[in-house]
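User: I'm new to this one and would like a close look at a single part. Could you walk me through the place where the first two domains meet?

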Amino acid sequence: MADPLDDYRKKRDFDATPEPTGGPADAAAPRAPVFVVHRHEARNLHYDLRLETGGVLRSWAVPKGFSYDPGDKRLAVQTEDHPLEYEHFHGRIPRGQYGAGTMQIWDRGRYDLVKVPDWPTAMQLGEVKIVLRGRRLRGEWHLVKTTQGKNTWLLFKSKDRYAGTSRDSALGVELGHAPESPFLAAPGQQRIGGTAGPFVDPGWLFEMEFIGQRALLQKRGDAIDVRGVPLPPAVAHGALRLRAESAVLDGVLVALDAAQRPCRESLARALAGDGHGVVFYAFDLLFWEDYDLRPLPLLDRKAALRAIVAPNPGVLYVDHVTGSGPQLLDVIAQAGLPAAVGKRATGAFVDGPSADWLRIPVGSNPAAAPRAAPTATRPPTARSRVRLTNLDKVWWPAEGYTKGDLLAYYDQIADVLLPHLRDRPVHLNRFPDGIDGKSFYQREAKDGTPDWVRTTPVPHDGGVTPHHVIDTREQLLYAINLGSIDLHPWLSRAATPDAPDFALLDLDPKEAPWPHVVRIARAAGKLLRGIGLRPLLKTSGKKGIHIVIPLQPGYSYDHSKMFTEAVARVLVRQLPSIATVERLPDARDGKVYLDFLQNRRSQTIVPPYSARPVRGAQVSAPLAWDELEDDDLHPSRFSIFNMPGRVSERGDLLRPLLEDRQDLLPAIEALQQVLREG
Ligand code: MN
């Protein structure tokens with residue numbers, strides 16, 4: 001019999017690629033087979049689904065990846081079988097090798113073949129049904145062979161409890177580092193560790209306090225249990241509709257009185273009887289399927305909880321506001337309820353009383369009450385110097401996003417953003433009434449700037465003016481609290497204002513279509529790599545793309561401008577119908593403007609991760625070059641709400657901008673050669 005890995009081995013040079021060769025298969029182990037999905041950034045980004053069978057991983061390349069919408073049928077091309085060791089393979093396949101590019105493990109777990117007795121039958125029928133048990137992929141999926149070509153299949157979600165809209169993972173949130181775990185029968189219980197007056201902090205979220213009985217709701221398959229009380233019928237019904245086989249929810253059993261207010265007496269009466277009228281308000285998710293969620297930040301646990309609670313009257317999700325306790329307290333007072341609960345958004349679960357959970361009674365005096373001290377992640381003295389104001393003010397009127405949402409975003413993203421701001425003069429663009437209101441552009445730091453906010457003297461026109469510099473989280477939040485939405489740092493540092501440390505080519509489309517921007521960016525990448533550089537790119541956050549090249553020390557703005565101008569002119573020559581260097585907007589003729597003039601002293605560029613004052617709270621998103629091949633790529637895909645998740649998955653794709661110092665001189669020579677060859 002032919003070795004099923006012949007094809008696999010024939011395509012590869014194992015002296016050059018780090019991929020496994022595939023040893024002899026082990027005797028079949030008594031366990032469910034494994035599946036793995038690789039995110040493969042090869043020439044074209046795609047996802048490789050691999051299913052263990054017969055001692056190998058049978059593989060399909062899925063260009064568009066997975067969708068939980070059963071109507072969304074995705075093309076899947078069967079490829080050669082891979083060795084079992086490939087389950088653990090990730091890394092970079094070198095250029096020139098088969099499948100060159102990066103291979104990341106996107107999901108992994110066990111699966112069962114269902115509805116047919118065995119694989120040979122399934123392949124013969126051209127119909128493979130599988131139940132996947134991974135972090136992102138859950139439930140039943142269907143592979144159907146088409147008549148178009150011999151390896152062409154369609155992959156889609158079956159209609160089950162996990163099916164839904166077009167998300168690409170069961171929860172729509174990162175399970176991140178939640179460890180695999182057997183069912184948590186006794187997870188413990190986090191409790192309120194103190195009382196506080198109303199306070200405002202973007203690192204905290206605030207919920208209503210419900211009057212009722214604290215309880216854990218446990219689901220294992222169809223077995224539902226509320227620990228300590230007889231199971232109320234509405235709760236049982238709601239729990240069966242959760243998007244989970246197994247789950248442990250923390251929350252409160254509540255019954256309403258005649259005035260529709262939560263009422264202890266009504267609850268006691270109902271629980272002593274048949275439990276009619278009792279519902280469960282869930283505020284935390286401790287366990288889901290095979291994962292212990294307790295180490296995750298509370299915000300992630302709540303996002304996962306929200307994702308598994310299907311609409312039903314018996315099990316309800318307790319929503320929260322982020323950042324502003326006083327705002328929620330007003331609402332609570334009007335509703336005649338006693339208190340809010342403030343919880344640290346990034347807090348992991350703690351068994352027992354915890355300073356991360358604070359009760360805030362209605363009517364408590366902010367001055368007299370002991371203030372919550374958000375201390376665990378940063379020094380309170382540093383935090384207390386920024387007084388955050390007007391958190392409820394709407395910054396994005398069409399969407400209702402607030403200044404508090406923006407502050408919470410910058411607080412979350414600060415660790416990757418700050419290295420790109422540090423030491424650079426920065427101009428502020430302030431929107432005191434949100435993105436549709438008046439704005440003013442501020443180059444100089446004003447009198448009365450607090451002394452802990454860094455400024456740097458910048459000489460110009462014979463005088464010297466102070467400019468802001470943002471080095472720390474609190475300086476960042478200070479600038480955002482002033483009404484800044486995006487930030488405008490220089491391309492050079494405060495100590496060396498005439499020496500840029502990167503060169504910038506700005507692809508500015510105005511009215512030109514997005515696909516043209518992408519085409520030019522691809523051409524620019526090819527050109528720059530061809531002359532020996534390692535360019536990086538990001539969306540501008542509006543409609544364009546920024547291409548940047550970090551420079552060795554010693555170059556002036558004259559160098560970077562001359563160089564990017566030459567690059568721009570080569571690109572215009574390559575793509576004359578869609579690219580232009582015409583400065584006057586009216587003369588651009590619907591083409592993408594290749595702007596190299598920002599390579600000048602006192603010019604600025606928004607840093608990666610900066611939010612932008614445009615619809616949807618879009619942000620400037622670092623991209624991998626292969627993402628330009630993705631049909632779905634669009635600047636609107638990146639917002640203040642999903643960028644933190646992307647960063648935790650991908651890291652800072654623009655990190656080389658801070659580290660990879662490149663030499664422009666050989667590139668300039670090589671570019672001259674390109675120009676001569678015409
Ligand atoms: Mn592949």
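Analyst: Let's start right at the meeting point: between domain 1 and domain 2 there is one residue pair in polar contact, both residues being at pLDDT 80 or more. A polar contact here is a pair of N or O atoms within 3.5 Å; within protein, one must be able to donate a hydrogen and the other to accept it, and residues adjacent in sequence count only if both atoms are side-chain atoms. On the side of domain 1 that touches domain 2, the residues split into no nonpolar, one polar and three charged. For that split, Ala, Val, Leu, Ile, Met, Phe, Trp, Tyr, Cys and Pro are nonpolar, Asp, Glu, Lys and Arg are charged, and the others, Gly among them, are polar.

A quick word on the ground rules. This is a predicted model, where local features need pLDDT of at least 70 and side-chain atom pairs count only at pLDDT 80 or more, while totals for chains, interfaces and linings use all residues. Residues are numbered from 1 along each chain as its sequence is written, and side-chain values use heavy atoms, with hydrogens and water left out.

Now for the layout. The protein chain is divided into domain 1 (6-157), domain 2 (190-361) and domain 3 (381-678), with bounds that come from an automatic or database domain assignment. The C-alpha centres of domain 1 and domain 2 are 40 Å apart. Four residues from domain 1 and four residues from domain 2 make the contact, meaning heavy atoms within 4.5 Å.

How much area is buried between domain 1 and domain 2? It comes to about 360 Å², and carbon and sulfur atoms give 50% of that. Buried area is the accessible area (1.4 Å probe) that two parts lose on being put together, summed over both. In domain 1, Arg133, Arg135 and Arg138 lose the most area to domain 2, together 94% of what that side buries.

Arg138 deserves another look, since there is one salt bridge between domain 1 and domain 2, and Arg138 forms a salt bridge with Asp290, with the closest N and O atoms 2.9 Å apart. The term covers a side-chain nitrogen of Lys or Arg within 4 Å of a carboxyl oxygen of Asp or Glu.

Glu289 is worth a glance too: this residue has a positive phi of about 55° although it is not a glycine. Glu289 is buried, with a relative accessible area of 3%, where buried means under 20%, exposed over 50% and partly exposed in between (1.4 Å probe, protein chains only).
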